[in-house]
Amino acid sequence: DGWISHEDSAISRLAENGLPISVTEAASEAYFLNERAVATLAESDLGKVLARPVLLDYNTFGALSARFPKLGLSRRLSVVPEEAEKALATVSRVGYEVFPSGQKAECVKARLYPLTADVKPLSRLSHDANAAGTVVMPTAFGGSLVVVQYIPTLRTYWSPLHWAWPGCRRRAILDALDAATPGKLSVRILTDGYMMMPLVRKRPDGSVAGLLLMNLGTGETPPLEVAVRGPAGRKWLTCGPFDALTPATEVRSDGDETVLRLPPRSAFGVRLVTNSEI
């Protein structure tokens, strides 16, 4: 947390949840918005921002809708926050977010009611059959909004629900971003339950030349499976900080996506993966 101000701490929480984070100068595949960012947007920014997938929570959706009423977002999605006292408590006082797999997640903050057919629910709520917990909706600029229950913010050790998504929620959010991103996100960590941050290096033609994985957790991981989309070639090498480069194990590949199995990483360890054909 010393790297970044508390106002922007959600960025590091997203990284810990497996979302690839890029530098400001990069050609971003998707954007993240919080309420502070919405307050800085001008109407002239909307064409750029909303032309790509945008990840935001229900509070930020409300702020975006209020700041730019001409977008008509409130006519397409109704957001009803849970009572504050209940939202801070356990599932016994609110309910679950239920995903198509049947898996359930706690920490339900709001009920999302799609009002138009193009707003697609990715989950439902156990306590309200008409409400969703996560939705994806297209924008008039060619992108999509992925509206979720909450974005992890400051790490609070007494309540890990505030900084880590359970696997089923993480998969739903990454599935939505994959579906909304042409060619999918460049890299996706397929192994749930570990705080792995992917940093991606792409060539000018958009192909993935390599990635650096950082274990931001305090424990060792098992072997990890990682999907590389738009790979620059078929031959991949990997190493840790003091290791020689060795061939990475390919699980499967169809040309557009290569899935690699990588050795375990120690606490706070890193692993480089690079393509040997470029």
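Where is the place of Gly193? I looked this up first, in what is a predicted model. Gly193 sits in the loop between strand S11 (187-189) and S12. I then asked whether Gly193 is buried or exposed. Gly193 is exposed, because its relative accessible area is 69% and the cut-off for exposed is over 50%. I also noted the spacing to Asn17: the two residues are 176 apart in sequence, and their C-alpha atoms are 8.7 Å apart in space.

**Entry: the largest pocket**

I went to the largest pocket next and noted a volume of about 1300 Å³. Its lining counts 38 residues. Which residues lie nearest the centre of the largest pocket? I wrote down Ser22, Val23, Ser28, Ala30 and Tyr31.

I sorted the lining by class and got 21 nonpolar, 7 polar and 10 charged residues. By element, at least two lining residues each come from helix H1 (9-16), strand S1 (31-32), helix H2 (35-40), helix H3 (46-49) and strand S12 (196-202). S12 gives the largest share, with 5 residues.

**Entry: the five-stranded sheet**

S1 also turns up in an open sheet of 5 strands, which I read in the order S1-S2-S10-S9-S7 with mixed pairing. The edges are S1 and strand S7 (120-121); each has a single partner strand, so one side of each has no neighbour in the sheet. Inside this sheet I checked one pair. Strand S2 (residues 53-57) and strand S10 (residues 144-148) run parallel and share 5 bridges. Asp57 stands opposite Val148 of S10.

**Entry: the three-stranded sheet**

I found another open sheet, with 3 strands in the order S5-S4-S8 and antiparallel pairing. Strand S5 (104-105) and strand S8 (124-125) are its edge strands, each pairing on one side only. Strand S4 (residues 97-98) is joined to S8 by 2 bridges, in the antiparallel sense. For Glu97, I recorded Leu125 as the bridge partner in S8.

**Entry: strand S19 and its partners**

How do the side chains point along S19 (residues 270-275)? I found that they alternate. Arg271, Val273 and Asn275 point to one face and are buried. Val270, Leu272 and Thr274 point to the other face and are not buried. This follows the general pattern, in which side chains of a regular strand alternate between the two faces of the sheet.

I looked at two pairings of S19. Strand S13 (residues 208-215) pairs with S19 in the antiparallel sense over 5 bridges, and Leu212 has Leu272 as its bridge partner in S19. Strand S15 (residues 236-239) is also antiparallel to S19, with 4 bridges between them. There the bridge partner of Trp236 is Asn275, one of the buried residues of S19.

**Entry: cysteines and positive phi**

How many disulfides does the structure hold? I found 0. I checked the accessibility of several cysteines. Cys168 counts as buried because its relative accessibility is 8%, and buried means under 20%. Cys239 is buried as well, at 11% relative accessibility.

Cys107 is buried too, with a relative accessible area of 9%. Cys107 lies in the loop between S5 and strand S6 (110-114). Its phi is near 65°, a positive value in a residue other than glycine. I noted this because most residues other than glycine have a negative phi.

Phe268 has a positive phi as well, of about 60°, and is not a glycine. I placed Phe268 in the loop between S18 and S19. Is Phe268 buried or exposed? Phe268 is exposed, with a relative accessible area of 55%.

**Entry: two further buried residues**

I looked up Glu82 in the loop between strand S3 (77-81) and helix H5 (84-87). Glu82 is buried, since its relative accessible area is 12% and the limit is under 20%. What does the side chain of Glu82 make a polar contact with? I found the side chain of Arg111, at 3.0 Å.

Thr258 belongs to strand S18 (residues 257-262). I recorded a relative accessible area of 0% for Thr258, so Thr258 is buried. Thr258 and Gly233 are 25 residues apart in sequence, and I noted a C-alpha to C-alpha distance of 9.4 Å.

How values were computed: Residues are numbered from 1 along each chain as its sequence is written. This is a predicted model: local features need pLDDT of at least 70, side-chain atom pairs count only at pLDDT 80 or more; totals for chains, interfaces and linings use all residues. Side-chain values use heavy atoms; hydrogens and water are left out. On a 1 Å grid over the protein atoms alone, a cavity is a set of points where a 1.4 Å probe fits but cannot get out, and a pocket is an open set with protein on both sides within 12 Å along at least five of seven lines; lining residues have an atom within 4 Å of a point. Grid points are joined across faces, edges and corners, and a volume is the space filled by probe spheres set on the points. Ala, Val, Leu, Ile, Met, Phe, Trp, Tyr, Cys and Pro count as nonpolar, Asp, Glu, Lys and Arg as charged, and the others, Gly among them, as polar. Buried means under 20% relative accessible area, exposed over 50%, partly exposed in between (1.4 Å probe, protein chains only). Two strands pair if DSSP finds at least two bridges between them. A polar contact is a pair of N or O atoms within 3.5 Å; within protein, one must be able to donate a hydrogen and the other to accept it, and residues adjacent in sequence count only if both atoms are side-chain atoms. A disulfide is a pair of cysteine sulfur atoms within 2.5 Å.
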